[in-house]
Amino acid sequence: MKMKISFGIAGLVATGMAYGSAVNLIEGYRNTGAGPFSPDAGRSAWTHEHHSSSGVDTRSCASCHGTDLTQPGRHVKTGKPIEPMAFSVNSARLTDPKKVEKWFRRNCRWTLGRECTPQEKGDFIQFMTTP
Amino acid sequence: MKKTISIIAIAILSIASIGAVMSSSEWSEREDEERYEKEYESDDHEDGSFRGAWLESREDVRLVENETYQTECGGCHFAYQPGLLPGKDWESIMDSLVEHYGDDASLDELQATEIRGYLLNNAAERARLSRARAFSAGSASGDILPRITTTRYFRREHSEIPARVVRGNAEVGSFSNCQACHRTADAGIYNEHQVLIPGFGKWDD
């Protein structure tokens, strides 16, 4: 477990500028009592299918972002292209904590029907920052 | 004395010509075009280069000029110009962002206030450009949320477009996907000469 965490942090370090913001986010979640965080937990939650409130469709993070984070996604309804989520190819990701929290709020509510916990958010960030 | 008379004469003529423009309330393509001309010439927010490049195709709906709107709303879908719906419809949309056409589009209070103000100040009934004004009749449907695609003007303009080239076309998918066919939609230009339906080609009726 410890190795995975250091692997994730190494990913953050490698991305230079974004390092501070992502570490601060992780620290913030840790301060709420969450952790340790793992990229693997993030990966499996990423593709977990949830039933929508109407029950007619299932959805996951991958519905719009795809399963390969180094590739662009596509909004499942409007078709609008979405820049890749992976830090390794898109260094603008996770640089603005307010933006990160806004999208977590919106997208977790749409996908899971509730807001994500600090544990889940930390795992997702580890997943996005692990090359 | 002579000078005074000529000034008065010019003033009367100017008022008369303004009156002639104002009285052309009948909707027709030709008047529409003429109005574009006048409004375009009086537009002060465009630079020369834009004017040169789009000499034949001027914007007929005012461009999106609010960065918060462009970022927040344009993040998920085409940033529809405020002139495409009347203010009352924008109000309904802003009042229900948590249930936004099946998506959660909630904003923080500061951004919501800014975007609401921008939309209302530039809504169809406030617009100077004529195509935007045509949208001021608003949404005629009893839908829960108003839609640009159900406004009377939109439906009339698209009545001859078969569903197979839009809904049945994977590259378009929906009438809400303006820029799929209106390649210059983000420049506020919607005239039919710019239309290119993916897989079907130009549309000129």
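Q: How many helices and strands are there in chain A?
A: Chain A of this predicted model has six helices and four strands. Helices (H or I, at least four residues) and strands (E, at least two) are DSSP runs, numbered from the N terminus. Residues are numbered from 1 along each chain as its sequence is written, while chains are lettered from A and ligands numbered from 1 in the order in which they are written. In this predicted model local features need pLDDT of at least 70, side-chain atom pairs count only at pLDDT 80 or more, and totals for chains, interfaces and linings use all residues; side-chain values use heavy atoms, with hydrogens and water left out.

Q: In what order do the elements of chain A run?
A: From the N terminus on, the order is α-α-α-β-β-α-β-β-α-α.

Q: And how much of chain A counts as buried?
A: Of its 131 residues, 42% count as buried. Buried means under 20% relative accessible area, exposed means over 50%, and partly exposed lies in between (1.4 Å probe, protein chains only).

Q: Turning to the interface, how many residues does each chain bring to the contact?
A: Chain A brings twelve residues and chain B brings 16 residues. Contact means heavy atoms within 4.5 Å.

Q: What area is buried between chain A and chain B?
A: The area is about 1,200 Å², and carbon and sulfur atoms give 37% of it. Buried area is the accessible area (1.4 Å probe) that two parts lose on being put together, summed over both.

Q: Which three residues supply the most of the area that chain A buries against chain B?
A: They are A:Lys80, A:Arg106 and A:Trp110, which supply 38% of the area that chain A buries there.

Q: How many salt bridges does the rule find across this interface?
A: The rule finds three salt bridges between chain A and chain B. A salt bridge is a side-chain nitrogen of Lys or Arg within 4 Å of a carboxyl oxygen of Asp or Glu.

Q: Which element gives the largest share of the side of chain A that touches chain B?
A: Helix α5 (residues 97-112) of chain A gives the largest share, seven residues. By class, that side of chain A has two nonpolar, two polar and eight charged residues. In this scheme Ala, Val, Leu, Ile, Met, Phe, Trp, Tyr, Cys and Pro count as nonpolar, Asp, Glu, Lys and Arg as charged, and the others, Gly among them, as polar.

Q: What does A:Arg106 pair with?
A: A:Arg106 forms a salt bridge with B:Glu72, and the closest N and O atoms are 3.3 Å apart. A:Arg106 lies in helix α5 of chain A and B:Glu72 in helix α4 of chain B, so the pair joins two chains. A:Arg106 is buried, with a relative accessible area of 2%, and B:Glu72 is buried at 7%. A:Lys102, A:Arg106 and B:Glu72 are linked in a network of salt bridges.

Q: Where does B:Asp104 lie?
A: B:Asp104 lies in the loop between α5 and α6 of chain B. Its side chain meets that of A:Arg109 in a salt bridge (2.6 Å, N to O).

Q: Why does B:Asp104 count as buried?
A: B:Asp104 counts as buried because its relative accessibility is 7%. Leaving aside its neighbours within four places in sequence, B:Asp104 is in contact with A:Arg106, A:Arg109, A:Trp110, B:Leu97 and B:Val98.

Q: Does the list of salt bridges go further, and how many does the structure hold over all chains?
A: Over all chains the structure holds 15 salt bridges. One of them joins the side chains of A:Lys121 and A:Glu101 (2.9 Å, N to O). This pair links distant parts of the chain, with A:Lys121 in helix α6 (residues 118-129) and A:Glu101 in helix α5, both of chain A and 20 residues apart. A:Lys121 is buried at 12% relative accessible area, whereas A:Glu101 is partly exposed at 27%.

Q: Now for the cores: which residues touch the most other members of the largest nonpolar core?
A: Of the 41 residues in this core, B:Tyr69, B:Tyr80 and B:Trp90 touch the most other members. A nonpolar core is a set of buried Ala, Val, Leu, Ile, Met, Phe, Trp, Tyr and Cys residues joined through side-chain atoms within 4.5 Å.

Q: Which element gives the most to this core?
A: α6(B) gives the most, with four residues. Apart from this core lies another, of 22 residues, among them A:Ala22, A:Ala86, A:Leu94 and A:Phe124.
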